[in-house]
Amino acid sequence: MATIIQRGDKWQAKIRRHGYPTKSKTFLKQRDAEAWARIQEAEMDRGVWRDRSSADATTFYALLDRYIKDVVPTKRGKEVETLRIKTLMKDDIAKHKLSSLTPLVLAEWRDSRLSAGCVGATVRRELDIVSAVFNWARRELMIAVENPVSSIRRPPPSQWRDRRLEEGEEEKLMRALEDHPVEGEKKYRVGTRNKWLKPLVQFALETAMRRGEILSLTWDNVDLEKQIIFLPLTKNGSSRTVPLSKRAVEILADIKPTSTMIDDESTGRVFPVSVDSLKKAWERAVARAELTDLRFHDLRHEAASRMAEKLPNVIELASVTGHRDVRMLSRYYHPKAEDLAKKLG
């Protein structure tokens with residue numbers, strides 16, 4: 001039988017049961033202490049009791065912080081996942097104790113993110129992180145907590161994007177990626193100071209490579225004479241060799257002499273740019289070019305569509321873009337209707 005003791009203006013419930021550790025918890029009201037004790041004893045009677053003290057004492061923020069240190073460094077996409085987790089850590093949801101982060105709380109947070117204008121795909125990715133962190137805490141840290149994501153509805157997947165560069169947009173984008181002076185009453189500079197961004201974007205349009213593949217590319221895996229790049233590990237977990245167009249070779253040849261003038265941490269990388277730096281520089285560039293609806297991943301769509309005109313064989317096209325399932329190419333290959341009309345005659 002639980003013992004309920006008044007201590008000042010609070011009430012302490014203490015449970016002593018053979019075969020279980022002594023448990024106690026303090027409440028502001030006597031009825032709350034009695035209700036907690038009844039639940040604990042009922043679970044002990046049924047043999048389903050679990051120690052929830054860690055879940056009661058640990059905040060979601062603290063768990064995310066430990067996850068970044070212990071788990072994220074072992075993942076391929078660690079830079080991107082770190083950014084997403086740090087965004088979650090800034091959110092009010094991170095202030096919750098693990099025991100209080102119920103499916104209802106998480107569902108309300110999901111709805112607030114969507115109503116604030118966040119797209120469904122982003123919220124789905126955030127929920128994936130929450131789910132992974134809770135599963136890790138339960139399986140590896142032995143924290144008695146259930147995964148709240150498994151009990152709520154996920155936002156539907158976003159519609160596939162078919163954003164293509166219209167006439168003149170590529171020129172506007174490249175101009176915005178250049179660092180150039182502007183004449184006027186006062187001379188000032190317009191464009192990005194990041195010298196890697198423009199060749200990086202040009203290279204993306206020539207190869208249809210993913211952002212992570214481009215940023216992790218090293219000179220050891222580049223053979224300009226054979227016009228190929230070897231990617232030892234890609235998003236789908238396998239390696240692949242990417243053929244290079246003559247224009248792609250020219251882009252790499254232009255930056256290779258200066259690519260060694262980088263810090264020790266980035267030595268060997270073709271484009272020594274972090275994910276965060278690329279994200280910020282890209283946002284500023286598309287704003288200057290007045291193309292704010294253009295995303296970096298749209299370059300992969302554009303490149304794949306251009307390649308499809310040169311490589312009508314879908315198997316060959318898939319080998320270049322790195323798609324295992326050729327059906328997935330429908331997400332990236334978006335020919336313009338007016339161009340198809342011309343082919344029809």
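# Exercises on a Predicted Chain

The chain has 14 helices and 8 strands; helices (H or I, at least four residues) and strands (E, at least two) are DSSP runs, numbered from the N terminus. The model is predicted, so local features need pLDDT of at least 70 and side-chain atom pairs count only at pLDDT 80 or more, while totals for chains, interfaces and linings use all residues. Residues are numbered from 1 along each chain as its sequence is written, and side-chain values use heavy atoms, with hydrogens and water left out.

**Exercise 1.** Determine the order of the strands in the open sheet of 3 strands, and explain why β6 and β8 each have one side without a neighbour.

*Solution.*
Step 1. The open sheet has the order β6-β7-β8, and its pairing is antiparallel. Two strands count as paired if DSSP finds at least two bridges between them.
Step 2. β6 (222-223) and β8 (240-243) stand at the edges with a single partner strand each, so one side of each is left without a neighbour in the sheet.
Step 3. Between β6 and β7 (residues 228-231) there are 2 bridges. In β7, Ile-228 is the bridge partner of Asp-223.
Step 4. In general, strands of a sheet pair through backbone hydrogen bonds, either parallel or antiparallel.

**Exercise 2.** Describe the setting of Arg-110: is this residue buried or exposed?

*Solution.*
Step 1. Locate the residue: Arg-110 belongs to helix α5 (residues 103-115).
Step 2. Arg-110 has a relative accessible area of 7% and is therefore buried. Buried means under 20% relative accessible area, exposed over 50%, and partly exposed in between (1.4 Å probe, protein chains only).
Step 3. Leaving aside residues up to four places away in sequence, Arg-110 touches Val-123, Ile-152, Arg-153 and Pro-155; contact means heavy atoms within 4.5 Å.
Step 4. The side chains of Arg-110 and Asp-111 are joined by a polar contact of 2.9 Å. A polar contact is a pair of N or O atoms within 3.5 Å; within protein, one must be able to donate a hydrogen and the other to accept it, and residues adjacent in sequence count only if both atoms are side-chain atoms.

**Exercise 3.** Identify which residues Arg-84 touches, not counting residues up to four places away in sequence.

*Solution.*
Step 1. Arg-84 lies in helix α4 (residues 78-90).
Step 2. With a relative accessible area of 35%, Arg-84 is partly exposed.
Step 3. The residues touched, with that exclusion, are Arg-125 and Ile-129.
Step 4. Arg-84 and Ile-129 are 45 residues apart along the chain, and their C-alpha atoms are separated by 8.4 Å.
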